[in-house]
Amino acid sequence: MRDSHPLLEMRSVNVHYGAVHALRDVDLAIYEGELVCLLGGNASGKSTTLKTLLGMLTPTSGDVLLDGEVVNDRPTSYLVKRGVTMVPENRRLFKRLSVRDNLELGAYLRKDAQGIAADMERVFDLFPRVKERLSQKAGTLSGGEQQMVAIGRALMSGPRVLLMDEPSMGLAPALVQQNFELISQIHEAGMTVFMVEQNANMALSIADRGWVLQTGRVVLDDTAQNLLAHPDLRTSYLGGGSS
């Protein structure tokens, strides 16, 4: 049964970059335990949505709520401490640092040594290959291995919800399927996931629900199954098939 209130929510959110109206009355609700996705073409407002959820942008109007608390003016560090963490586009690892150092940086706001150690073991259980590469510099890993480390680093913050920005970006086609299997795996292990993607078919194949953004507005909001079956999803809303 779904919780009575969302874990993370946007209510009628508008965001401007100067005179540019980037998000227009956006409503989103992410419930604990879900894997949901936000789809859209270039310049649709996907990255702006993520930045707003993470406290990097403040709404012009409307509210962002975390567990029922309005967090519009809270800094990103507050949201991370409360359990909101992002896996950034293109992974953005510290390539000259070791895999271990990258993972430990994910826990930089935490003080609970036992909990950190337990989460490190959980990352190793999810991604045994990461444990094998602990002493390697992150920049020497394959694209798929770097994605595992990026997800592992995010999990080290002890998140309640994981925001993922274009997780298939920059990966070789052969690794895209593997990447979405990793995302499905962490979701099945109990993590709430909000994923921003252009690869609609892959994202919807593992998601529970989804939204489609077009020029800052939510134009579709439905179950993943229904969105996959939508006849005009790609041509009408995703820029004519860009992935």
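These exercises work through one helix and one sheet of a predicted model.

**Exercise 1. Helix length**

Work out what span helix α6 should have, and compare the model.

*Solution.*
Step 1. Helix α6 covers residues 143-155, which is 13 residues.
Step 2. The expected span is 1.5 Å times one less than the number of residues. For α6 that gives 18 Å.
Step 3. In the model, the end C-alpha atoms of α6 are 18 Å apart, so the two values agree.

**Exercise 2. Helix surroundings**

Is α6 mostly covered or mostly open? Which elements cover its buried residues?

*Solution.*
Step 1. Buried means under 20% relative accessible area.
Step 2. Twelve of the 13 residues of α6 are buried, so by this cut-off the helix is mostly covered.
Step 3. Among the buried residues are G144, M148, I151 and L155.
Step 4. The cover includes the strands β6 (84-87) and β7 (161-165). It also includes the helices α3 (99-105), α4 (113-126), α5 (128-132) and α7 (173-188).

**Exercise 3. Sheet layout**

Give the strand order of the six-stranded sheet, and find its edges.

*Solution.*
Step 1. The order is β6-β7-β8-β3-β9-β10. The sheet is open, with mixed pairing.
Step 2. β6 and β10 (217-223) each pair on one side only, which makes them the edge strands.
Step 3. From one strand to the next, the twist averages 20°.

**Exercise 4. One pair and a helix**

Describe how β3 and β8 pair, then place α7.

*Solution.*
Step 1. β3 (residues 35-39) and β8 (residues 192-197) run parallel, with five bridges.
Step 2. One bridge links L35 to V193 in β8.
Step 3. α7 packs on the sheet and touches β3, β7 and β8.
Step 4. The directions of α7 and β8 make an angle of about 155°.

Note on methods: Residues numbered from 1 in each chain as written. Predicted model: local features only at pLDDT ≥ 70, side-chain atom pairs only at ≥ 80, totals over all residues. Heavy atoms only, no water. Helix = DSSP H or I, 4+ residues; strand = E, 2+ residues; numbered from the N terminus. Buried < 20%, exposed > 50% of the residue type's maximum accessible area, 1.4 Å probe, protein only. Contact = heavy atoms within 4.5 Å. Pairing = 2+ DSSP bridges. Axes fitted to C-alpha atoms, helices over the stretch in contact; angles between N-to-C directions.
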